[in-house]
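User: I would like to learn how structural labels are earned. Please set each value against its definition.

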Amino acid sequence: MDASELKSWYIDVFKDFEKYLNGEKLSPVHSLRRRAIEKFSELNFPDLHQEEWRFTDVSPILRHTFSPARPGELRGLIKDKLSHFLFGGMQSHLVVFVNGFYDHRLSSILDLPRGAFVGSLSKAFEEGRESVLQNVSMCADTGENSFTALNTSFVQDGAFVSLPAGVVLEHPVHLLFISTGSDNLIVQPRNLVITGEDSQLRFIEHYVSIGAGVYFTNAVTEINAGMNSVIDAVKVQSENEAAYHVATTAVTLSSGASFDCHNIALGASIYRHNLNVMLKGEGSNTNLEGLYLTKSQQLSDTHTMIDHSSPRCTSQEHFKGILDDKSRGVFNGKILVRKGAQQTNSYQENRNIILSDEAKVDTKPQLEIFADDVKCSHGATVGQLSKESVFYLTSRGIGEEQAKLMLIYAFANDVLKNVKESEVRSELEGILSARILKGD
Amino acid sequence: MLEIKNLHASIEGKEILKGVDLEVNAGEVHAIMGPNGSGKSTLANVLAGKPEYQVTAGEVMYGGKDLLAMRPEIRAREGVFLAFQYPVELPGVNNTTFLRTALNEARKYNGQPEVSAGAFLSLLKKKMRLVEMPDTLLSRSVNEGFSGGEKKRNEILQMAVLEPKLAILDETDSGLDIDALRIVANGVNKLKTKDNAIIVVTHYQRLLNYIVPDFVHVLYDGRIVKSGGKELALQLEERGYDWVKQEEVTE
């Protein structure tokens, strides 16, 4: 099956899906889906000829005819394994999704301040919450991305988090996406986060699997941050190594808002993350960090796009990769400073360590600046562990293996140390050590 | 303690050491002097086991064992210490953790119990006074953002913690102002005992005003061409290395 046949296949799947929807077809959400499938039918799946995809060959994903996941299966099995994914009993608002569908029996949401919502998008749709319909697809569907259009075509469930003005949520929200790892499923969570003026939110978007089959997570997360609100987000992508994960995170910041995020990529055979932040309001700020660890034949691709469209905004990017075996890393960091965005301050950094002869990294900064009073800088490195550093440590009595471990750990910890939740941080540190010790 | 016989070493196929002979006993301080490019740093690095250097001939016995057969970490655990001319910066590697790991690796190797974090900290504070080092440098990453003087002091601090039997100071005076030089030299002098030995590698005589050697050797073109007492260093200072070079030619 080629890419165009696959496109028709998904369009046929959509027709089946519509039948199964029954009465919901008249709802406003469904007109959104209809517009999206029309858009999808106009677009083509990306290939290596497209600039935005020239380092990432998605054709292995397109060889599969994935079927949409359905709600509710294998719950008993998951319940036993749930504790593995809870970051050592961290206190949080736990929202669990199985194959992209909210599971209220596995979830446990703490008491919430008045007006706050943490839970399922589908429930929010049912309740007819205006903020949901106004916001869903506001940030994400502006581009020409067929994966995003595909997600919107099938939008049903995912996380919805909404904080009213002035609310500071004490505990983080843990959005746990468990894939059963059953063969040939496409899992398409759609997440929406809205923060009111002066509110504060910490959340963790966490993808795991309990089976080893080939499946496809095609996720979209939209974040709309109100004036002076503060968001700290962590994304942990820990899918099984046969899985595919394509995700778009689209963030819009109002004036004075701040969005920090920490992206940790460990799993999946092909991972592509489009992380788009629009600094829409004056004086907004974003700080994006990431660490990708790849081995065997994994491919991890981070595409960031920071759109400075207002004056006096700042953005910092700090992404690091550690690549082993025949794996590949891609980092593409686009920074757009629009004409009116004076006094922009933007910094981007991508550093990579290659542990084998066959691993490879493509890193590309892309700066487009149309304002004249801006500070923009970027830097990228790809290299091996410094022999001088290893010798320095061994000359002090530290064994060579341990010396390498210390150096890799120090390199990665530069990103991990900024993860705010200590339970999440220590779990990630554990995974990192185990990976490095086993890997070499 | 250390016996070097006819040591030849090269890097990237170029021979640097062309037959070095040297004997160092416990309780002695030896200075190795010589013009730039004579092989001083090569000798120091070969003794510490830097993998880039190939030993092509000769032998080095250390405490009755074949030093050249040991990996760098084993040499360190056996008590060999090199204070680097250019200490590397290790971003993200905490200075205290690094020092404790190094000490405990040596202790494990020598069948001694490991030192706990608490006990180590009090030991470290004591050692830090030797080199007049501020506490703030401990919480920082190894050498990261340290000034030239702080880096050299950190080397001597490591020496103080690890208590080597054989310490090799490679151009420890380079880049130091007179105050820093005095602090570093005082630290080294306090660490000197009758059971350990120190090899001071230096281009200039000035460090030897503070660390007074028992023997001075002149390394020239990969060989030790002249040995003597501490007065040899003064002669060199006065007459320059050309004097030795000429003697070499006329001999």
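User: What makes A:Asn99 stand out in the hairpin of β2(A) and β3(A)?

Analyst: Its backbone angle. A:Asn99 takes a positive phi near 50°. The hairpin has two residues between its strands. Strands here are DSSP runs of E with at least two residues, helices are runs of H or I with at least four, and both are numbered from the N terminus.

Two ground rules. This is a predicted model, in which local features need pLDDT of at least 70 and side-chain atom pairs pLDDT 80 or more, while totals for chains, interfaces and linings use all residues. Residues are numbered from 1 along each chain as its sequence is written, chains are lettered from A and ligands numbered from 1 in the order written, and side-chain values use heavy atoms, without hydrogens and water.

User: How do you know that β2(A) and β3(A) pair, and in which sense?

Analyst: Two strands pair if DSSP finds at least two bridges between them. β2(A) and β3(A) have two bridges, in the antiparallel sense. The cut-off is met, so they pair. One bridge joins A:Val98 to A:Phe101.

User: Which sense does the pairing of β2(A) with β6(A) take?

Analyst: Parallel, over six bridges. There A:His93 stands opposite A:Val173. In general, strands of a sheet pair through backbone hydrogen bonds, either parallel or antiparallel.

User: What makes β2(A) "mostly covered"?

Analyst: Buried means under 20% relative accessible area, exposed over 50%, and partly exposed in between (1.4 Å probe, protein chains only). Six of the six residues of β2(A), residues 93–98, are buried. A:His93, A:Val95 and A:Phe97 cover one side. A:Leu94, A:Val96 and A:Val98 cover the other. Why two sets? In a regular strand the side chains alternate between the two faces of the sheet.

User: What makes β3 and β21 of chain A edge strands?

Analyst: They belong to an open sheet of ten strands with mixed pairing. Its order is β3-β2-β6-β9-β11-β13-β15-β17-β19-β21. β3 and β21 each pair on one side only.

User: Why is B:Gly37 called exposed?

Analyst: Its relative accessible area is 75%. That passes the exposed cut-off, so the label fits. B:Gly37 is found in the loop between β3 and α1 of chain B.

User: How do you know that the length of α4(B) agrees with its residue count?

Analyst: The expected span is 1.5 Å times one less than the number of residues. For the 14 residues of α4(B), that should give 20 Å. The end C-alpha atoms are 20 Å apart, so the two agree.

User: Which residues of α4(B) are buried, and where do they lie around the axis?

Analyst: They are B:Phe120, B:Leu124, B:Lys127, B:Met128 and B:Leu130. Their arc, taken from the directions from the helix axis to the C-beta atoms, is only 120°, so they share the same side. On the other side, B:Gly118, B:Lys126 and B:Arg129 are exposed.

User: Why is the link between B:Glu155 and A:Arg396 called a salt bridge?

Analyst: A salt bridge needs a side-chain nitrogen of Lys or Arg within 4 Å of a carboxyl oxygen of Asp or Glu. Here the closest N and O atoms are 2.7 Å apart. The pair therefore qualifies. The two chains share three salt bridges.

User: How many residues of chain A are in contact with chain B?

Analyst: Contact means heavy atoms within 4.5 Å. By that rule, 17 residues of chain A touch 32 of chain B.
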